[in-house]
Amino acid sequence: MLSVVLQTTVKLAEILMQIFKEVVVTINEALRLIAGVMILLSLFLAVNYSQNWLWFTGFIAVNLIQSSFTKWCLMMTILKKVGLKSRA
């Protein structure tokens, strides 16, 4: 079960990166898209498999809140390293 979820997540990440590279997407746009997709994915998993997936939803929320105060987000660092730009 978990391996299927991980494989699906990896495939989704690959598809998103292809879209990001084909369309001019800034780091902020990509971050919002990734956060939204991950929240929807965790809610889907919570409804269909286990409510423990709601912990992941909470983790995403806490990370978004802390990044608003600290101005640092791990995903933004990762997106910079894969080549996305701060400005279009």
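Helices are DSSP runs (H or I) of at least four residues, numbered from the N terminus. The loop between H3 and H4 takes its name from this numbering, and Lys 71 lies in that loop. The model shown in every view is predicted.

**Figure 1. The protein chain is built from 4 helices and 0 strands.**
Read along the sequence, the pattern is α-α-α-α. The C-alpha atoms fill a box of roughly 40 × 30 × 15 Å along the principal axes. The protein chain has 88 residues, and 23% of them count as buried. Contacts with a separation of 6 or more were also examined by distance along the sequence. Residues 24 or more positions apart account for 62% of these contacts.

**Figure 2. Confidence varies from helix to helix, with H1 lowest and H3 highest by mean pLDDT.**
The protein chain averages a pLDDT of 86. A score of at least 70 is reached by 95% of the residues. H1 has a mean of 77, and H3 has a mean of 95. Where pLDDT is low, the predicted coordinates should not be read in detail.

**Figure 3. The largest pocket holds about 540 Å³ of space.**
Its lining comprises 22 residues. Ile 34, Ala 35, Met 38, Met 75 and Ile 78 lie nearest the centre. Four elements each give two or more residues to the lining: H1 (2–22), H2 (27–48), H3 (54–70) and H4 (74–81). H1 provides the largest share, with 6 residues. By class, the lining has 20 nonpolar residues and 2 polar ones. Charged residues are absent from the lining.

**Figure 4. The largest nonpolar core joins 12 residues.**
Among them are Leu 16, Phe 20, Val 25, Ile 27, Ala 30 and Leu 31. Ile 34, Met 38, Ile 60, Cys 73, Leu 79 and Leu 84 also belong to this core. H1 and H2 are the elements that give two or more residues to the core. H2 gives the most, with 5 residues. In soluble globular proteins, nonpolar side chains tend to be buried together. Ile 34 and Met 38 appear both in this core and among the residues nearest the centre of the largest pocket.

**Figure 5. Leu 84 touches several other members of the core.**
Residues up to four places away in sequence are not counted here. The contacts of Leu 84 are Phe 20, Val 25, Ile 27, Ala 30 and Leu 79. Each of these partners is listed in the largest nonpolar core.

**Figure 6. Ser 42 is a buried residue in helix H2.**
Its relative accessibility is 0%, so Ser 42 counts as buried. Ser 42 touches Trp 53, Phe 56 and Thr 57, with residues up to four places away in sequence left out.

**Figure 7. Ser 67 sits in helix H3 and contacts Trp 72 and Cys 73.**
Neighbours within four places in sequence are set aside for this contact list. Is Ser 67 buried or exposed? Ser 67 counts as buried, because its relative accessibility of 15% is under the 20% cut-off. Its contact partner Cys 73 is one of the residues of the largest nonpolar core.

**Figure 8. Lys 71 has a positive phi although it is not a glycine.**
The phi angle of Lys 71 is about 60°. Lys 71 lies in the loop between H3 and H4. At 69% relative accessibility, Lys 71 is over the 50% cut-off and therefore counts as exposed.

**Figure 9. Met 76, in helix H4, contacts Ile 27, Asn 28 and Leu 31.**
That list leaves aside neighbours within four places in sequence. Two of the partners, Ile 27 and Leu 31, belong to the largest nonpolar core. Met 76 has a relative accessible area of 23%, so it is partly exposed. How far apart are Met 76 and Thr 57 in space, C-alpha to C-alpha? The distance is 18 Å, with their positions 19 residues apart in sequence as separation.

**Figure 10. Lys 21 and Gly 83 are 62 residues apart in sequence.**
In space, their C-alpha atoms are 8.6 Å apart. Lys 21 is part of helix H1. Its relative accessibility is 60%, so Lys 21 counts as exposed.

How values were computed: Residues are numbered from 1 along each chain as its sequence is written. This is a predicted model: local features need pLDDT of at least 70, side-chain atom pairs count only at pLDDT 80 or more; totals for chains, interfaces and linings use all residues. Side-chain values use heavy atoms; hydrogens and water are left out. On a 1 Å grid over the protein atoms alone, a cavity is a set of points where a 1.4 Å probe fits but cannot get out, and a pocket is an open set with protein on both sides within 12 Å along at least five of seven lines; lining residues have an atom within 4 Å of a point. Grid points are joined across faces, edges and corners, and a volume is the space filled by probe spheres set on the points. Ala, Val, Leu, Ile, Met, Phe, Trp, Tyr, Cys and Pro count as nonpolar, Asp, Glu, Lys and Arg as charged, and the others, Gly among them, as polar. Buried means under 20% relative accessible area, exposed over 50%, partly exposed in between (1.4 Å probe, protein chains only). Contact means heavy atoms within 4.5 Å. A nonpolar core is a set of buried Ala, Val, Leu, Ile, Met, Phe, Trp, Tyr and Cys residues joined through side-chain atoms within 4.5 Å. pLDDT is the predictor's confidence in each residue, from 0 to 100.
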